[in-house]
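Here is a quick walk through a protein model, from the overall numbers down to a few single residues. Have the structure open while you read.

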Amino acid sequence: MMQGILIVDKPTDWTSFDVIAKLRGILGTRKLGHSGTLDPMATGVLPVFCGGASKAVDLQLDHTKAYRAVLRLGQRTDTGDVTGTVLETAPVTAGEQELLAVLPQFLGPRMQTPPMYSAVKINGQPLYKLAREGKTVERKARPIEILDIRYEGSPAENEYALTVKCSKGTYIRVLLEEIAEAMGQKGTMSALRRVAAGVYSEADAHTLEEIQAAKDDSSTTATPSPRCLIIEIPPCACSPAPYRCRPRRYPSRMAAPARPGSLASPMIRTSTPAAVNSSARAVLETRPMASTTVSAGISSLWAPETMTE
């Protein structure tokens, strides 16, 4: 079984769960988890945690995200993007100069209310399900931080591209609506791409087609595919010490069984703890490298030094 992080370039019109479902078929495992849900219309960097690494999803150190987004002036929708129903239109009376004037006020910490069309749960119910039923409920504003925001030009009339670096939990759709409101306009998001998630960028991401091709290559050749798809998580970078080294106790007269990842196993790849008493053996959360033909093709590069999340 493969262990590590697979950086996926999510295609448009796919939910994040759609990507996980597809990868389960390609990788042959259900032990997958992703970090940072992307809207169906969004594309870009989606870190997927494979195998035992799925336990580290919530242990990342760097949760910052970076996006390229396009603000379209002149209309407002129920979803905050162009996939929704248009609720209101208005003539566009502002442009690039007004946009540049208001951008600085959005830098730094601020409070943001999640949109109704989001995966946030209220009393166990996702907001988007309530929104589809035509319901609106009160939502509490949450703290976010805009670390950087830059104007990148106008790709079309009344459309303005922005690059935003922000904290975890930031809704770019809501941010763009707020920017439009500060300009005295109606606005919605017409495009969104995540260009970075923590330390991972577009350069690390692979399409689903590339991942499928790596599997197909490894199943027809004796050598691993040259594609570099899996990044291994070193235990010391993703888990606190109590989690990495958990004692598993056995009766004093019973020997602990050998298993991959245990001290009795020759496949372990980390240093042995200084002391292990006779009644306990430390089980390290390190996993052996993939040994099957399929996983060999998909896990041909291991880069522990890149992991800081």
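## The overall picture

Of the protein's 309 residues, 44% count as buried. Keep in mind that this is a predicted model. The accessible surface comes to about 15600 Å², and carbon and sulfur atoms account for 52% of that.

As for secondary structure, the protein has eight helices and 16 strands. If you take the contacts between residues at least 6 apart in sequence, 70% of them join residues at least 24 apart.

## Helix α1

Let's start with α1, which runs over residues 16-27. With twelve residues at 1.5 Å each, the helix should span 16 Å, and its end C-alpha atoms are indeed 16 Å apart, so the two agree.

Which residues of α1 are buried? They are S16, V19, I20, L23, I26 and L27. Looking down the axis of α1, you'd see these buried residues fall within an arc of 120°, so they line one face of the helix. Turn to the face pointing away from that buried side and you find the exposed residues F17 and G25. Right after α1 comes G28, with a positive phi near 75°.

## Strands β7, β10 and β11

Now for some strand pairing, with β10 (residues 142-156) as the common partner. On one hand, β10 pairs with β7 (residues 108-112) in the antiparallel sense, over five bridges. Here R110 sits opposite I144 of β10.

On the other hand, β10 pairs with β11 (residues 159-166), again in the antiparallel sense, this time over seven bridges. Within that pairing, G153 has A161 in β11 as its bridge partner. The hairpin of β10 and β11 has two residues between the strands, and N158 takes a positive phi near 65° there.

## An aromatic pair

How many aromatic pairs does the count come to? Just one aromatic pair turns up. It is made by Y151 and Y160, whose ring centres are 6.2 Å apart; their planes are at 45°, so the pair is tilted. As for Y160, its relative accessible area is 8%, so the residue is buried.

## Helix α4 and its cover

Helix α4 takes in residues 172-182, and its buried residues are I172, R173, V174, L175, L176, I179 and A180. What covers them? The cover of these buried residues includes the strands β4 (65-73), β7, β10, β11 and β12 (187-197), along with helix α2 (96-102). So the strands β7, β10 and β11 from the pairing above show up again here, as part of that cover.

After α4 comes G184, and its phi is positive, near 80°.

## Two positive phi values in loops

Most residues other than glycine have a negative phi. That makes a couple of loop residues worth a look.

D13 is not a glycine, yet its phi is positive, about 70°. You'll find D13 in the loop between β1 (4-10) and α1. Is D13 buried or exposed? With a relative accessible area of 63%, D13 is exposed.

N123 is another residue other than glycine with a positive phi, near 55° in this case. N123 belongs to the loop between β8 (121-122) and β9 (125-126). Its relative accessible area is 82%, so N123 counts as exposed.

Notes
Residues are numbered from 1 along each chain as its sequence is written. This is a predicted model: local features need pLDDT of at least 70, side-chain atom pairs count only at pLDDT 80 or more; totals for chains, interfaces and linings use all residues. Side-chain values use heavy atoms; hydrogens and water are left out. Helices (H or I, at least four residues) and strands (E, at least two) are DSSP runs, numbered from the N terminus. The expected span of a helix is 1.5 Å times one less than its number of residues. Buried means under 20% relative accessible area, exposed over 50%, partly exposed in between (1.4 Å probe, protein chains only). The arc is that of the directions from the helix axis to the C-beta atoms. Rings of Phe, Tyr and Trp (its six-membered ring) pair if their centres lie within 6.5 Å; planes under 30 degrees apart count as stacked, over 60 as edge-to-face and the rest as tilted. Contact means heavy atoms within 4.5 Å. Accessible areas come from the Shrake-Rupley method with a 1.4 Å probe; for residues, only the protein chains shown count as cover. Two strands pair if DSSP finds at least two bridges between them.
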